[in-house]
Protein chains: 4
Amino acid sequence: MIRVAIIGASGYTGVESIEIILRHPEAELTYLTALESECGHAEDVFGQLKGRCDMQIEPLDFDKLRGAADAALCCLPHKVSMEFVPKLLDAGLKVIDFSADYRLKDPRVYEKFYNVKHIDTANLARAVFGLPELFRDKIKGADLIANPGCFPTGALLAIVPLLKEGLIETDSIIVNAVTGVSGAGRNPSSKFHFPNMNENLFAYGIGTHRHMPEMEQIASEIAGSEVQMLFQPHVGPFDRGILSTVYCQPKGKVDCKKLAELYDEFYCCEQFVQICDAAPAVKDVAGTNYCHIFVTCAKGRIISFSAIDNLVKGASGQAVQNMNIIFGLEESLGLS
Amino acid sequence: MIRVAIIGASGYTGVESIEIILRHPEAELTYLTALESECGHAEDVFGQLKGRCDMQIEPLDFDKLRGAADAALCCLPHKVSMEFVPKLLDAGLKVIDFSADYRLKDPRVYEKFYNVKHIDTANLARAVFGLPELFRDKIKGADLIANPGCFPTGALLAIVPLLKEGLIETDSIIVNAVTGVSGAGRNPSSKFHFPNMNENLFAYGIGTHRHMPEMEQIASEIAGSEVQMLFQPHVGPFDRGILSTVYCQPKGKVDCKKLAELYDEFYCCEQFVQICDAAPAVKDVAGTNYCHIFVTCAKGRIISFSAIDNLVKGASGQAVQNMNIIFGLEESLGLS
Amino acid sequence: MIRVAIIGASGYTGVESIEIILRHPEAELTYLTALESECGHAEDVFGQLKGRCDMQIEPLDFDKLRGAADAALCCLPHKVSMEFVPKLLDAGLKVIDFSADYRLKDPRVYEKFYNVKHIDTANLARAVFGLPELFRDKIKGADLIANPGCFPTGALLAIVPLLKEGLIETDSIIVNAVTGVSGAGRNPSSKFHFPNMNENLFAYGIGTHRHMPEMEQIASEIAGSEVQMLFQPHVGPFDRGILSTVYCQPKGKVDCKKLAELYDEFYCCEQFVQICDAAPAVKDVAGTNYCHIFVTCAKGRIISFSAIDNLVKGASGQAVQNMNIIFGLEESLGLS
Amino acid sequence: MIRVAIIGASGYTGVESIEIILRHPEAELTYLTALESECGHAEDVFGQLKGRCDMQIEPLDFDKLRGAADAALCCLPHKVSMEFVPKLLDAGLKVIDFSADYRLKDPRVYEKFYNVKHIDTANLARAVFGLPELFRDKIKGADLIANPGCFPTGALLAIVPLLKEGLIETDSIIVNAVTGVSGAGRNPSSKFHFPNMNENLFAYGIGTHRHMPEMEQIASEIAGSEVQMLFQPHVGPFDRGILSTVYCQPKGKVDCKKLAELYDEFYCCEQFVQICDAAPAVKDVAGTNYCHIFVTCAKGRIISFSAIDNLVKGASGQAVQNMNIIFGLEESLGLS
């Protein structure tokens, strides 16, 4: 039984992680922590846990943590995370970090997009980007996983076969994505007040979204050359899910009929990536760790659509998938 | 042209009032006020007004107000309202007050339910309860209208014909109501954060809702004896509308087939009250000043259903209806 | 491993049952059937099953069924069900029937509310009403379970402690309920077309809903005398969940402070019934087999609120709970 | 008073047209028609019209129509429309046609995308594309208006200033759009059944949507050379609105800071086009005839966002705007 601590358990990715571990046959929750102001009995903090999780969410105490857990799902926000991760590693835990702090390999890029100096570059160097479909082997032996952002997960899975095969121009990729509102977190705000967000849809983060350099870094690594991606997120009136519509310029002639085949082969052994024969729907993946993809051509371009649940495959589900890999468990445990 | 000032223009009933007056053929906006922290150009405060309302929302200045408006739609919250209303009256305006401050005739009841001492009992005495279908004649000559609460509007219209005719027991009326989220106002909160409220439904204000004594006061006035009402509100995942399901115990035998006829007669000349031959739907009245009612019997009880838009017939629309009456205009101007 | 056949797998309760059995550690799907026109690969019929359920949904063939399954979750509509259930029993299966065909003990009541003659009164007599919290002992030895209706599940759990203790008048119970749209089934119709149902809320089945006699039958059995219930359903703009608000007249004086205690005791050993200290929210139980209850007093009445997921505790989850009991498994397997 | 007939009044654009004309100070409804199976009293066909529109919707009788109306808002579907429009014109009416039948100037393109032969090429030649912001002068003298499609309205308004100034490459425009569900019409279907569409989002019409050639035709006319547009529509869980996100490749260097200025000038006198300084929200334009636009640069591309209500500026509102122009009325009558 893997003993799991959830650090930063009071947000949406925290409770999603709690729910997944509660259903996991070979993992158990042993420690739940949060900021003091957000602590309390888990069932009081999250009404949906009533009768299901008789535990306190308490302020993090490293003495208590040491020896009490094998793995930490670290659901802290960026900047805060890099203050805690070194101590979690010191305490002997395998750490799966949900923040952006260990995703961007170049601290200067990090500092530019997050407006803060990186204070843990030592661990940054050894963190593994936790997208199992691409980096499973590295994940196996890792102590520290940088769990991917929700948008990069959806966008990358949609196009890595194209990048790997060199089928598309790498300077003109456009990622148009729409996320559900849970992506904005649990803190109330005017924008996401129900009477404002309901029946609404709008773009944000134009040209500046922090997931853009993350996508580009991994895409470049896969392509073997610098990839430029214009990433444009939107938010729509639903709880969960990200639909990414990725527009690519083919490099030379592309046989569109072979694209599905290429994707089928590329993802043939991947349980959580399903290649569809029509446009995917976010509702089909909501509450699951699956990514549904459809790739086709239109007007001389390749369009690849992907749908994921931002809180599952885009966060807590993928984290548990990573945890399963690290501990040598069946990768889908607790996730199907 | 009636010159209208909207006092407290930065909330949902404020902007609804603005939109109605903008479409009103014989009224015009001349002054918009709000708390300093909520001021600004109307188009910046409310994106939907862009290109439609080239006015500032500014802190209330009574010197400026005097002579600039004939009527005030006073959209302030309770307690604040009674500080301003006397001055609005002094400035010579007809005042339609949206708060609860002038609705409850007995200051002790007010003080019990609102936990604050009434400081303007003089005007309280002469305020008219602004439900035109019941009190049109008094409204005509009034300077100060207590615009009804949204729930009382829906619940009362559903049952006044029964009360007037003495057809129901007055100690066992149950009003079960579900409101859209705009009823909770414009300030963000955890409860009404989109990912919490979306796909949700729950009860609140159990046995304590402030609209209960208001319903009872008017119902008692209509019935000519004390009426007890158990009012139970709920909030559901939609923007606008209140569906009231009112359960009544018939006094003696009631001919259920004649109920619709009774309602048709009672409301025969009322444009904004429509008697339906099936259960009303909140969507049919959303954005309108209409109240749809269906009355029938089931299991020995009379059930009356009513649907209104909480922001229109339940607030701003009814206020303009009252304004039209006071100024001798056609009652439906700007509302159809 | 219990081998499970799902009869009528192409509807919402069918796919919910499939999903639950897929996660169940000691049960497996062995046969999925539907009307010929609704057959196909499970992943094509339900997009959310892609990669998760490599099975055909096929027309029911009793020869094939015999020996292939230990239990049948029979998700057929009323009337159709009683044609199939005798054959399922003959094939040696334990049958959990989702329809109303085996719920109403008096065939005359059935025939009155369902407008059809009962053709399997022999099995009707031995069917057990599958509400585990009330009838666990009978369920243990049963071959045929009449899985309760969604509304009766929510309404009954809300008030059985009161009925059992004789604390309320039995001729004046009012059940006001609001269900999500999945309760209306998978067939498209004007009423539930998205642009009509979205942002909408309305009552239906006034005085005639078929779940009313079902509630009354069980309530009467618990109370030991005839119980009259006025049941009024509504449908609101969300997928899942039923909120029941039940109004009761206390018999004599009731100590309201002791009600919660009474409920705590009554349900003390029931995992799936949670007594809350505030009004329950449908979102907290969505996707779970839990029932959240809050009981209190207001204006001289007892009000009990319950929230369930209509497709889980109100259908497929409760069916699996019953199946677990019949087969001697831990009652919550696959459900937490 | 302009007398208006609505041909095909039983759909969503029909009732939207009815509502607009009901509020129009210088137009009146004189005739409402529909297929026989969809006829009835207007208030029975559309619950929201109760008490507001005491008229029958009846089968079209040209004898009755002649002399009874000055203008026809023809809300028929494509193919049906071109059977009726010649007769409407013969009856002496000004016709604003909502279908695609008179939009595509080249009958071969029409026949390719709509799979039907054009049977009224004579009138096709003289029909004017009814986008007032571009073709106001031609509209003034027209007898027959081809009211633009909803998607082309949003997409074109977003980029015509760029096309007119020759600032963008014309072979690489990508229009990513998300529409509300009312765009799919009033007929129920599995896809738009509430429990399927709610909380959902998906793409459709990939590379084949019929609004693509319409956009390209007008864009080419504006640009003075052939324009290629990749148009990708999606549908999201809301009633009204289209958000278009248009990605363009600048031709040479573009001063991004001057784009807003360019748009302000281009649309300076257009009431219904508002240039915003941040991303527009569909909710801000819902229920209005406004188009909100924001243009900016990101990653070397120009992105222009536009939001409209698909049923108003995208259909009935624009039709009335056209009608106002034809009859020499103030263009915004009934629309503000």
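**Close-up views of a predicted model**

**View 1. Where chain D touches chain C.** Here 13 residues of chain D are in contact with 13 residues of chain C, contact being C-beta atoms, placed from the backbone, within 7 Å. Sorted by class, the chain D side of this patch has 6 nonpolar, 5 polar and 2 charged residues; Ala, Val, Leu, Ile, Met, Phe, Trp, Tyr, Cys and Pro count as nonpolar, Asp, Glu, Lys and Arg as charged, and the others, Gly among them, as polar. This is a predicted model, so local features need pLDDT of at least 70 and side-chain atom pairs 80 or more, while totals for chains, interfaces and linings use all residues. Residues are numbered from 1 along each chain as its sequence is written, and chains are lettered from A and ligands numbered from 1 in the order in which they are written.

**View 2. Chains A and D around their axis.** Turn chain A by 180° with 0.0 Å of shift along the axis and it superposes on chain D at RMSD 0.0 Å, using least squares on C-alpha atoms of residues with pLDDT of at least 70 in both. That's a two-fold axis relation. In chain A, the C-alpha nearest the axis belongs to A:Pro237, 3.3 Å away from it.

**View 3. The two domains of chain A.** Domain 1 covers 2-126 and domain 2 covers 151-310, with bounds from an automatic or database domain assignment. Their C-alpha centres sit 26 Å apart. The contact draws 9 residues from domain 1 of chain A and 7 residues from domain 2 of chain A.

Technical notes:
Contact = placed C-beta atoms within 7 Å.
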